[in-house]
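Welcome, and thanks for opening the viewer. Below is a short tour, one selection at a time, so keep your selection tool ready.

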Amino acid sequence: MSAVRSGTAERRAEGPGGDLLAALLDGMDAALCAFDAEGTVTHWNREAERILGWSAEQAVGKRGFAGWAARRADADEVLGRLMGAMRAPGRQVHEFALLRKDGGRVLVRTQSAGVRGADGRPAGVYCAFSEVHAQIDLERSIALSEALFEDASWGVVLVDVDLRPAVVNARAARALGTGRTTALGRPLGELIAQGVEEVEGALQHVLAEGAPRGLAEMWVTLRGGDGRDRRRCWRSGFLRLASPLAEEPVPLGVGWLFQDVTEARLAEQEADRMRFRCSQLHRAGAAAAECEDPMEAATVLLDFAVAGFADHALLDVTADERRLVRAAATPTGAPGPVAAVAGGGVPVPYPEGHPALQALARTGPVRASATVARPHAAEEWAAERRWPGDAAHALCIPLRSRGRTLGIATFLRSASRPPFERPDAVYAETVTTRLAASLDLAEALRGVGVGEGEG
């Protein structure tokens, strides 16, 4: 094994091959030294010089580490274990305490392997070494990466500079509804139906400006494999990834970590909604109690119920078992409070099977929504049912008092709002119970109540 020494004259004498070998050794990130069959140092690169302080001129040609890079008490054992790799198969890993040029000690981890000559006989040993703490730091980084992509409680996605997933951990794959390899290289728009612009905007900002200081919560709708979309809320953090090997930071992509907080956010929204509705019921009761006219009290109750709950409200009272007469409604042309309809008495021409008539027949709530499979379908659906043109979702509640149905309250929402659900019907029934009591009192005061008729 030929020695590698610094010095222009010596390297020129070795020729182009020697220059190339010296450049390769000096450019390595790992410290490297080599010994011939007698244990004499033949190679010593710049990283070895950086760690121990001994230059190539000082190291090459010395036998073992005795008297310079190791204590005399340890030198024979160190050399013996290193040279043992010359005849052992594979690589041998050891840890030694070596001496720096300034006298300090440093614990190094070595990987050594034998070198054979042209005749196949053992010719020496090469040894790569690094400081133990640096090796441990590297192992920790690798262990952290493996843990993040296997056992992390957060979803982790590494996104390349083209904003396509490059690595996806198991939890993120489950959250996205796909496999770990299936998502790789695909545009995010193929995985996220709504909210992808917000996600991509955050990723682009991180690539350009760096990671934001805090976490961000983003609502996304995922594309479901069964044809149904799933809406989720993800609390997300972002990290810009840069190459540690480049002289200047070169962006490799973005690390996106997220946690699904959908259930917590929905619970918070439901709690806020319940607090608001309880407050509205309290205010409505207080306002209705100040009305001398029970019919005015009924419109006040309905007006408070509409706020934050629906876009329109209609109040129809029963003329007989199958006909309803419009008594009050919200304005159709512009926003405004519920008001009594002047000149009532003519039954509303609801067609057969109308949700209001169904609620009247069932004496129970009825929910209905328009099908928007074609343009203007919602407008046609609302017009056929004698409702305002922007109505897309309806909830019809019968007004029951003293075992009788006094009318129907209809709540309407536009297409931009979600359909009515069971909790909405429960709230509406709470409102209509009070509303029915006011209508019943209004009938009694007009002398058409059941009690007076039977008397």
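## First stop: the six-stranded sheet

Begin with the open sheet of six strands, whose order is 14-13-12-17-16-15 with antiparallel pairing. This is a predicted model, so please read each stop as a description of a prediction. Colour strand 14 (339-340) and strand 15 (366-369) to see the edges of the sheet, where each of these strands pairs on one side only.

Now move inward and select strand 16 (391-401) together with strand 17 (residues 404-414). These two strands run antiparallel and are joined by 10 bridges. As background, strands of a sheet pair through backbone hydrogen bonds, either parallel or antiparallel.

For a single position in this pairing, pick C396: opposite C396, in strand 17, stands T410. What packs on the sheet around here? Helix 10 (residues 355-362) does, touching strand 12 (312-318), strand 13 (324-329), strand 15, strand 16 and strand 17. If you compare directions, helix 10 makes about 160 degrees with strand 15. Helix 12 packs on the sheet as well, touching strand 12, strand 15, strand 16 and strand 17. The direction of helix 12 makes about 45 degrees with that of strand 16.

## Second stop: T410

Stay in strand 17 and centre the view on T410. Is T410 buried or exposed? T410 is buried, because its relative accessible area is 0%, and the cut-off for buried is under 20%. Show its surroundings next: leaving out residues up to four places away in sequence, T410 touches H312, A313, L314, W387, L395 and C396. C396 is thus a name to recognise, as it stands opposite T410 in the strand pairing.

## Third stop: helix 9 against helix 12

Select helix 9 (residues 294-306) and helix 12 (residues 422-445). Their axes come within 8 Å and cross at roughly 170 degrees. Angles over 145 degrees count as roughly antiparallel, and helix 9 and helix 12 are therefore roughly antiparallel to each other. The crossing of this pair is left-handed.

To see the contact itself, show side chains for P294, M295, A297, A298, L301, L302 and A305 on helix 9. On helix 12, the matching selection is Y427, V431, R434, L435, S438, L439, L441, A442 and L445. By class, this contact has 14 nonpolar residues, one polar and one charged.

## Fourth stop: helix 8 against helix 12

Keep helix 12 on screen and add helix 8 (residues 262-289). The axes of helix 8 and helix 12 come within 11 Å and cross at roughly 10 degrees. That angle makes helix 8 roughly parallel to helix 12. Select R277, Q280, L281 and G285 in helix 8, which meet P423, D424, Y427, T430, V431 and R434 in helix 12. Here the classes are four nonpolar, three polar and three charged residues.

Zoom in on G285, found in helix 8. At a relative accessible area of 28%, G285 is partly exposed. Which residues does G285 contact, leaving aside its neighbours within four places in sequence? The contacts are with L301 and R434. You have met L301 in the helix 9 side of the previous stop. For a distance to try in the viewer, go from the C-alpha of G285 to that of A297: the two are 12 residues apart along the chain and separated by 8.8 Å.

## Fifth stop: strands 8, 9 and 10

Next, select strand 8 (residues 192-194) and strand 9 (residues 216-222), which pair in the antiparallel sense over two bridges. Add strand 10 (residues 230-242), which runs antiparallel to strand 9 and is joined to it by seven bridges. T221 links the views: T221 is the bridge partner of Q194, and R231 in strand 10 is the bridge partner of T221.

## Last stop: two positive phi angles

Finish with two loop residues. L163 lies between strand 6 (155-159) and strand 7 (165-168). L163 is not a glycine, yet its phi is positive, about 65 degrees. With 10% relative accessibility, L163 counts as buried.

Then jump to R386, in the loop between helix 11 (377-384) and strand 16 (391-401). R386 is also a residue other than glycine with a positive phi, near 65 degrees. At 49% relative accessibility, R386 counts as partly exposed.

Key. Residues numbered from 1 in each chain as written. Predicted model: local features only at pLDDT ≥ 70, side-chain atom pairs only at ≥ 80, totals over all residues. Heavy atoms only, no water. Helix = DSSP H or I, 4+ residues; strand = E, 2+ residues; numbered from the N terminus. Buried < 20%, exposed > 50% of the residue type's maximum accessible area, 1.4 Å probe, protein only. Axes fitted to C-alpha atoms, helices over the stretch in contact; angles between N-to-C directions. Parallel < 35°, antiparallel > 145°, perpendicular 65-115°, else oblique. Left-handed = near helix turned anticlockwise from the far one by under 90°. Contact = heavy atoms within 4.5 Å. Nonpolar A, V, L, I, M, F, W, Y, C, P; charged D, E, K, R; others polar. Pairing = 2+ DSSP bridges.
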